Amino acid sequence: MSQSKLQEASDMSQFENMSIEELFEKAEKTVDALSDPDLSLEDSFREYEKGVLVMKMLSEKLSGVEERIKKITGDGVIEDFG
């Protein structure tokens, strides 16, 4: 595994135990931080990197929820709840 992949895996571990709601909140805070015109370029990059990691974890968790829904429906097809 490359050094950057190892670092990313290590960085993502901080988000593993967060709920989907907490991850959405973290993503919202990241967007708010990036919207701050006084944020330095370096801090912007750091916030952006954190946001990417949050979104990756959120995507993984939402995919897991989708798989659970497919199992519940029994046929692997996600149906509208409405």
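**Exercise 1. Glu47**

Task: Decide whether Glu47 is buried or exposed, and list its contacts outside the local sequence.

Solution. The relative accessibility of Glu47 is 18%, so it counts as buried. The classes are buried for under 20% relative accessible area, exposed for over 50%, and partly exposed in between, with a 1.4 Å probe and protein chains only as cover. The model is predicted, so local features need pLDDT of at least 70 and side-chain atom pairs count only at pLDDT 80 or more, while totals for chains, interfaces and linings use all residues. Residues are numbered from 1 along each chain as its sequence is written, and side-chain values use heavy atoms, with hydrogens and water left out.

Next, place the residue: Glu47 is found in helix 3. Helices are DSSP runs of H or I with at least four residues, strands are E runs of at least two, and both are numbered from the N terminus. With neighbours within four places in sequence set aside, the contacts of Glu47 are Thr30, Ala33, Leu34 and Leu39. A contact means heavy atoms within 4.5 Å.

**Exercise 2. The chain as a whole**

Task: Give the element order of the chain, its buried share and its exposed area.

Solution. The chain has three helices and zero strands, and from the N terminus on its elements run α-α-α. Of its 82 residues, 16% count as buried. The chain exposes about 6400 Å², and carbon and sulfur atoms supply 53% of this area. Areas are computed by the Shrake-Rupley method with a 1.4 Å probe; for residues, only the protein chains shown count as cover. Among contacts with a separation of 6 or more, 61% join residues 24 or more positions apart.

**Exercise 3. Helix 2**

Task: Check the span of helix 2 and locate its buried residues.

Solution. The expected span is 1.5 Å times one less than the number of residues. For the 15 residues of helix 2 this should be 21 Å, and the end C-alpha atoms are 21 Å apart, which agrees.

The buried residues of helix 2 are Leu23, Ala27 and Thr30. They cover an arc of only 60° around the axis, which puts them on the same side of helix 2. The arc is taken over the directions from the helix axis to the C-beta atoms. On the other side of helix 2, Glu21, Glu28 and Lys29 are exposed. The cover of the buried residues of helix 2 includes helix 3.

**Exercise 4. Helix 3**

Task: Repeat the span check for helix 3 and list its buried residues.

Solution. Helix 3 covers residues 41–73. Its 33 residues should span 48 Å at 1.5 Å a residue; the end C-alpha atoms are 47 Å apart, which agrees. The buried residues of helix 3 are Ser44, Glu47, Gly51, Leu53, Val54, Met57 and Leu58. Just after helix 3, Gly74 takes a positive phi of about 85°.

**Exercise 5. Salt bridges**

Task: Count the salt bridges and work out which residues form a network.

Solution. The criterion is a side-chain nitrogen of Lys or Arg within 4 Å of a carboxyl oxygen of Asp or Glu. By this rule the count is four.

1. Glu25 pairs with Lys29, with the closest N and O atoms 3.5 Å apart. Both residues lie in helix 2 (residues 20–34), four residues apart, and so are separated by about one helical turn. Glu25 is partly exposed at 45% relative accessibility, and Lys29 is exposed at 51%.
2. Arg46 pairs with Glu42, also through N and O atoms whose closest distance is 3.5 Å. The two are four residues apart in helix 3, about one turn. Arg46 is partly exposed at 45%, whereas Glu42 is exposed at 55%.
3. Asp43 is partly exposed at 33%. Its side chain meets that of Arg46 in a salt bridge of 3.1 Å, N to O. Asp43 and Arg46 are three residues apart in helix 3, hence about one helical turn. Through shared partners, salt bridges join Glu42, Asp43 and Arg46 into one network.

The spacing has a general basis: an α-helix has 3.6 residues a turn, so residues three or four places apart point the same way.

**Exercise 6. A nonpolar patch**

Task: Which residues make the nonpolar surface patch, and what is its area?

Solution. Patch residues have over 30% relative accessible area and no salt bridge; like charges are joined within 9 Å, and nonpolar side chains (Val, Leu, Ile, Met, Phe, Trp, Tyr) within 5 Å. Leu34, Tyr48 and Val52 make a nonpolar patch of about 260 Å². Of these, Tyr48 lies in helix 3 and is exposed, with a relative accessible area of 52%.
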